[in-house]
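Please walk me through the interior of this structure, beginning with the terms that are needed.

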Amino acid sequence: MTKRYLQVIAHYRAKPEEVETVSKLLHELSTASRTEAANISYEYFQGVQDKAHFVILERYRDADGFAAHRAQDHFKTIGLGQIVPRLESRQIESYESSLDA
């Protein structure tokens with residue numbers, strides 16, 4: 001049996017003076033996001049050669065689950081309120097995919 005899910009891939013570029021703060025805030029956001037009912041996984045990675053580049057990989061049961069994530073207080077306060085102002089750029093892509101059960 002195949003189960004569908006939504007894969008979200010985000011690329012964040014932190015302002016040079018905000019790299020360390022963005023890394024700490026992403027840790028907080030990922031920890032809180034993993035507790036959401038529709039979250040399958042939430043991981044983030046920091047570039048080796050380019051420390052200002054972060055890649056976030058999120059999986060949700062469906063698009064409604066991702067919408068619910070964006071409505072959470074931790075997303076609004078940490079993600080939008082604290083991380084986004086510290087970024088030079090942000091790109092978010094989403095894809096439908098499947099898991100074999």
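A polar contact is a pair of N or O atoms within 3.5 Å; within protein, one must be able to donate a hydrogen and the other to accept it, and residues adjacent in sequence count only if both atoms are side-chain atoms. The model is predicted, with local features needing pLDDT of at least 70 and side-chain atom pairs counting only at pLDDT 80 or more, while totals for chains, interfaces and linings use all residues. Residues are numbered from 1 along each chain as its sequence is written, and side-chain values use heavy atoms, leaving out hydrogens and water.

Helix 1 (helices being DSSP runs of H or I, at least four residues, and strands runs of E, at least two, numbered from the N terminus) has 15 residues and spans 21 Å from its first C-alpha to its last, close to the 21 Å expected at 1.5 Å a residue, that is, 1.5 Å times one less than its number of residues. Its buried residues (under 20% relative accessible area, with a 1.4 Å probe and protein chains only) include Val22, Leu26, Ser30 and Ser33.

The largest nonpolar core (buried Ala, Val, Leu, Ile, Met, Phe, Trp, Tyr and Cys residues joined through side-chain atoms within 4.5 Å) has 19 residues, and Tyr12, Val22, Leu26, Phe54 and Ile83 have the most contacts inside it. Strand 1 (2–14), helix 1 (19–33), strand 3 (53–60) and helix 3 (73–83) each give two or more residues to this core.

Ser33 counts as buried because its relative accessibility is 0%, and its side chain reaches the backbone oxygen of Leu29 at 2.8 Å. Not counting residues up to four places away in sequence, Ser33 touches Asn39, Tyr42, His69 and His74, where contact means heavy atoms within 4.5 Å.

Key: Buried means under 20% relative accessible area, exposed over 50%, partly exposed in between (1.4 Å probe, protein chains only).
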